[in-house]
Amino acid sequence: MSINFEGKVAIVTGAGNGLGRSHAMELAARGAKVVVNDFGGSVDGQQSGSNSPAEQVVEEIKALGGEAVANPASVTDVAAVQQMVNDTVERWGRIDILINNAGILRDKTFTKVSLEDFAAVVDVHLNGSIICSKAVWDQMISQNYGRIVMTTSAAGLYGNFGQSNYAAAKLGAVGLMNALRLEGRKYNVKVNTIAPMAFSRMTKDLMAPGVADSCKPELVSSAVVFLCSEDAPTGEIISAGAGAYTRVQYIEADAVYLGPETTADDVSSAWEKISDMSNAKVVTDVGASMKNVLSKLPRKK
Ligand SMILES: NC(=O)c1ccc[n+]([C@@H]2O[C@H](COP(=O)([O-])OP(=O)(O)OC[C@H]3O[C@@H](n4cnc5c(N)ncnc54)[C@H](O)[C@@H]3O)[C@@H](O)[C@H]2O)c1
């Protein structure tokens, strides 16, 4: 094993089940001391939780010779998350890795979803990622070392019927990464995102048995653990499932300049040209996006 986390401390949220459990086990197997966070609720987050799934994972890690501690905080509880972070620093002296993995689902069409169900999903996936990242941020900056992994979803990147709450929250996590990767760079704090596909209690009703067998959470953890490693890139999204891995990026079509008095009718007439992706380029920052637009303006004489 060349990727090694000896001396490193990790927090994995939602690590009592599925993907989080697998990430925590793999980090521990490679030498990290791991905080196994999980509030222990149902998939929709409604049934109140217990610490038992997290404790069970801790027992599994210890049985394999690893070091871990359970934590029952909800990622939406600012004070409890801060307490988890304080306790971790007190116990192990540092925090090197945060994997924002905790998640719930309340799928309904936008017509049927209540604002309460919308807010609950945004709260866990997006606010939870913000709260946990903020709680570890100063520690990582002061150490000049940190690795944060956000968890998005194809539903967030591309949208999915009946998942407006989840899609909004999951793309929000990508937005958070995009800003934090810039603010963390100088301090060797690298921030990346995983878009997983894995069999878990969350997806068990969605996957055909043949597909489920190949979608082992451990195969997603291989990408996540790489993103937590010394040599991780920053600001990347890896889509991972069933042993296949791909990089996800934004592309922009070559901008089309229509003049200083462009009307809606002009945009309509030019839509075919504007939407032509044949010369599209990958854009990774605001500067490149602005350049694509501003470089098309006629030069002043
Ligand atoms: N499984 C997939 O194919 C898939 C696809 C795309 C994205 N994801 C994302 O991956 C993550 C893990 O999903 P999973 O499939 O392992 O689901 P899972 O239900 O097996 O695990 C999620 C865990 O998060 C915990 N959790 C929920 N709310 C919490 C809170 N407020 N505080 C602390 N813990 C909380 C749950 O108790 C549970 O143990 C989620 O963010 C999910 O949206 C999964």
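**Note on the predicted model: helices, ligand shell and domains**

1. In helix 2, the buried residues (those with 20 or more other C-beta atoms within 10 Å of their own, C-beta atoms being placed from the backbone) are P53, A54, V57, V58 and I61. Seen down the axis of helix 2, these residues fall within an arc of 140°, so they line one face of the helix, the arc being that of the directions from the helix axis to the C-beta atoms. They pack against helix 1 (18-29), strand 2 (33-37) and strand 3 (67-71), where contact requires C-beta atoms, placed from the backbone, within 7 Å.

2. This is a predicted model, in which local features need pLDDT of at least 70 and side-chain atom pairs count only at pLDDT 80 or more, while totals for chains, interfaces and linings use all residues. Residues are numbered from 1 along each chain as its sequence is written. Helices (H or I, at least four residues) and strands (E, at least two) are DSSP runs, numbered from the N terminus.

3. Helix 3 (residues 78-92) has 15 residues and should span 21 Å at 1.5 Å a residue, which agrees with the 21 Å between its end C-alpha atoms; the expected span is 1.5 Å times one less than the number of residues. Its buried residues are V81, M84, V85 and T88, and, seen down the axis of helix 3, they fall within an arc of 95°, so they line one face. The face turned away from that buried side carries A79, N86 and E90, which are exposed (12 or fewer such C-beta atoms). The buried residues of helix 3 pack against strand 1 (9-12), strand 2, strand 3 and helix 4.

4. Each of these two helices is followed by a glycine with positive phi: G65, just after helix 2, at about 90°, and G93, after helix 3, near 85°.

5. Around the ligand there are 34 residues, of which G14, G18, G103, S153 and S200 come nearest, a residue counting as near if its C-beta atom, placed from the backbone, lies within 6 Å. The shell divides into 12 nonpolar, 20 polar and 2 charged residues, with Ala, Val, Leu, Ile, Met, Phe, Trp, Tyr, Cys and Pro counted as nonpolar, Asp, Glu, Lys and Arg as charged, and the others, Gly among them, as polar. Helix 1, helix 4 (115-143) and strand 6 (189-197) each supply at least two residues of this shell.

6. L227 lies in helix 8 (residues 217-227) and is buried, with 24 other C-beta atoms within 10 Å.

Methods. Two residues are in contact if their C-beta atoms, placed from the backbone, lie within 7 Å.
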